[in-house]
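Dear colleague,

I am handing over the structure we spoke about, placed just below, and my notes on it follow. Please read them with the structure open beside you.

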Amino acid sequence: MVERVEVGPDHGITIPLDARQRLGIEAGTHVLVEVRDGYLIVIPEPSDYAARLRGLHQEIWAGEDPREYVLKERSAWPD
């Protein structure tokens, strides 16, 4: 859903209620702001970055044994 908001005189915006509820944004919540490819991206700041990133791109590593992978990579290093 796309909602239209207005930038106020102090350059602030109000995040629409539906978006706040769906993302768990409350007063005092910190958000991260990024400009990417001409778009403004606003996301709630994770309270735990490690937990947020855990499992990211896990499909790439499906079926791969991490220890075997590291050993294989290390064996390719020059002595």
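In what follows, helices and strands are DSSP runs, numbered from the N terminus, with at least four residues for a helix and at least two for a strand. Please keep in mind throughout that this is a predicted model.

I begin with the pocket. Helix 1, which covers 17-23, and strand 2, which covers 39-44, each supply at least two residues of the lining of the largest pocket. The volume of this largest pocket comes to about 470 Å³. Its lining is made up of 17 residues, and those that lie nearest the centre of the pocket are Ile15, Pro16, Ala19, Leu23 and Val42. When the lining residues are divided by character, 13 are nonpolar, 1 is polar and 3 are charged.

Strand 2 also takes part in a hairpin with strand 1, and 2 residues lie between these strands. The two strands pair in the antiparallel sense, over 6 bridges. Among the bridge partners, Leu32 is matched with Ile43 in strand 2, and Val35 is matched with Leu40 in strand 2. As a general point when you look at the side chains here, in a regular strand they alternate between the two faces of the sheet.

Which residue in the turn of this hairpin has a positive phi? It is Asp37, placed in the loop between strand 1 (31-36) and strand 2, and its phi is about 55° although Asp37 is not a glycine. Asp37 counts as exposed because its relative accessible area is 72%, and the cut-off for exposed is over 50%. From Asp37 to Ile13 the separation is 24 residues in sequence and 20 Å in space, taken C-alpha to C-alpha.

A positive phi is found in His11 as well, where the value is near 70° in a residue other than glycine. His11 belongs to the segment before helix 1, and with a relative accessible area of 69% His11 is exposed. Arg4 lies in the segment before helix 1 too, and Arg4 is exposed, its relative accessible area being 85%. Arg4 stands 11 residues from Ile15 in sequence, and their C-alpha atoms are 9.8 Å apart in space; Ile15, as noted above, is one of the residues nearest the centre of the largest pocket.

Next comes helix 3, which spans residues 66-75 and is hardly covered, since the count of buried residues among its 10 residues is 0. At the start of helix 3, a side-chain oxygen of Asp65 comes to within 2.8 Å of the backbone nitrogen of Arg67.

The last item concerns the aromatic rings, for which the count comes to 1 aromatic pair. This pair is formed by Trp61 and Tyr69, and its geometry is edge-to-face, with 5.2 Å centre to centre and 80° between the planes. The arrangement is called edge-to-face because planes over 60 degrees apart are placed in that class. Are these two rings' residues buried, exposed or partly exposed? Trp61 is partly exposed, with a relative accessible area of 45%, and Tyr69 is likewise partly exposed, with a relative accessible area of 28%.

With best wishes

Notes: Residues numbered from 1 in each chain as written. Heavy atoms only, no water. Phe/Tyr/Trp six-rings, centres within 6.5 Å; stacked < 30°, edge-to-face > 60°. Buried < 20%, exposed > 50% of the residue type's maximum accessible area, 1.4 Å probe, protein only. 1 Å grid on protein atoms, 1.4 Å probe; cavity = no way out; pocket = protein on both sides within 12 Å on 5 of 7 lines; lining within 4 Å. Points joined across faces, edges and corners; volume = space filled by probe spheres on them. Nonpolar A, V, L, I, M, F, W, Y, C, P; charged D, E, K, R; others polar. Polar contact = N/O pair within 3.5 Å; in protein donor to acceptor, adjacent residues only side chain to side chain. Pairing = 2+ DSSP bridges.
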